[in-house]
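Q: I'm new to reading structures like this one, and I'd like to look closely at one part instead of skimming the lot. Could you pick a part and talk me through how its pieces fit together?

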Amino acid sequence: MSRRLLVLRHAKAEVGLGLIDHERPLAERGLRDAAAMGDFLRTQGLEPGLVLCSTALRTRQTLEGLRLAAPARFESAIYMGDGHDLLDLVHVAGAEFAQTETILLVGHNPAVHELAIAAGNEQIEDFPTCALAVIELESWQSRGGTLLAYRTPKTL
């Protein structure tokens, strides 16, 4: 049975505000984009069984905006890690939740872009805010799979 990895960059965040990067909230556009992406996931039958989410405020707010029922694990390593670190987190979570068919990872660039390219075995030129890559893996331990879909809020 194949597995689906959904790689999502957080939605558009506010800039400035004098806050540390980890505590930047979503902008109004980001709130709208997250809700639209959640609607897309549901209509396409892509609701995850597990979510791995960065601890940053903008990723947590993106996850809230998706309005998904899946349990979430908040991982600080997603905030600072690179694409290989994120794939390692997927491997660990996949081993722990072996029966889960779909995992959603919500994170930051450049790491999510690196993950989408490495896991999907296909070049993706740009990975803007709230971009989604849908990747089919042979198993949760796979190092790479097939990019099935790539969407941005503009292409929903």
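**A close look at the sheet**

A: Let's take the open sheet: its 6 strands come in the order β3-β2-β4-β1-β5-β6, and the pairing is mixed. Keep in mind that you're looking at a predicted model. Start at the edges, where β3 (72–74) and β6 (146–151) stand. Each of those two has a single partner strand, so one side of it is left without a neighbour in the sheet. The sheet also has some twist to it: on average, neighbouring strands are turned by 20 degrees against each other, ignoring direction.

Now move in to β4, which covers residues 102–107. In the strand order, β4 sits between β2 and β1. With β1 (residues 3–9), β4 runs parallel, and 6 bridges join the two. If you want a spot to find on screen, look for Leu8, which stands opposite Val106 of β4. On the other flank, β2 (residues 50–53) is also parallel to β4, this time through 4 bridges. There, Leu52 faces Leu105 of β4.

So, is β4 buried or exposed? Mostly covered: 6 of its 6 residues are buried. That holds for both faces, with Thr102, Leu104 and Val106 buried on one side, and Ile103, Leu105 and Gly107 buried on the other.

Next, hop over to β5 (residues 132–137), which pairs with β1 in the antiparallel sense over 6 bridges. Here Leu6 has Val134 as its bridge partner in β5. Helix α1 (residues 28–43) packs on the sheet as well, touching β1, β5 and β6, and its direction makes about 30 degrees with that of β5. Another helix, α5 (residues 111–120), lies across β1, β4, β5 and β6, running at about 155 degrees to β1.

One last stop: the cysteines. To count as a disulfide, two cysteine sulfur atoms have to be within 2.5 Å of each other. By that rule, the count is 0 disulfides. Take Cys53: its nearest cysteine sulfur belongs to Cys130 and is 12 Å away, and Cys53 is in no disulfide. Cys53 is also buried, with a relative accessible area of 0%. Turn it around and Cys130 is in no disulfide either, with the sulfur of Cys53 as the nearest one, 12 Å away. Cys130 counts as buried too, at 0% relative accessibility.

Key
Residues numbered from 1 in each chain as written. Predicted model: local features only at pLDDT ≥ 70, side-chain atom pairs only at ≥ 80, totals over all residues. Heavy atoms only, no water. Buried < 20%, exposed > 50% of the residue type's maximum accessible area, 1.4 Å probe, protein only. Pairing = 2+ DSSP bridges. Axes fitted to C-alpha atoms, helices over the stretch in contact; angles between N-to-C directions. Contact = heavy atoms within 4.5 Å.
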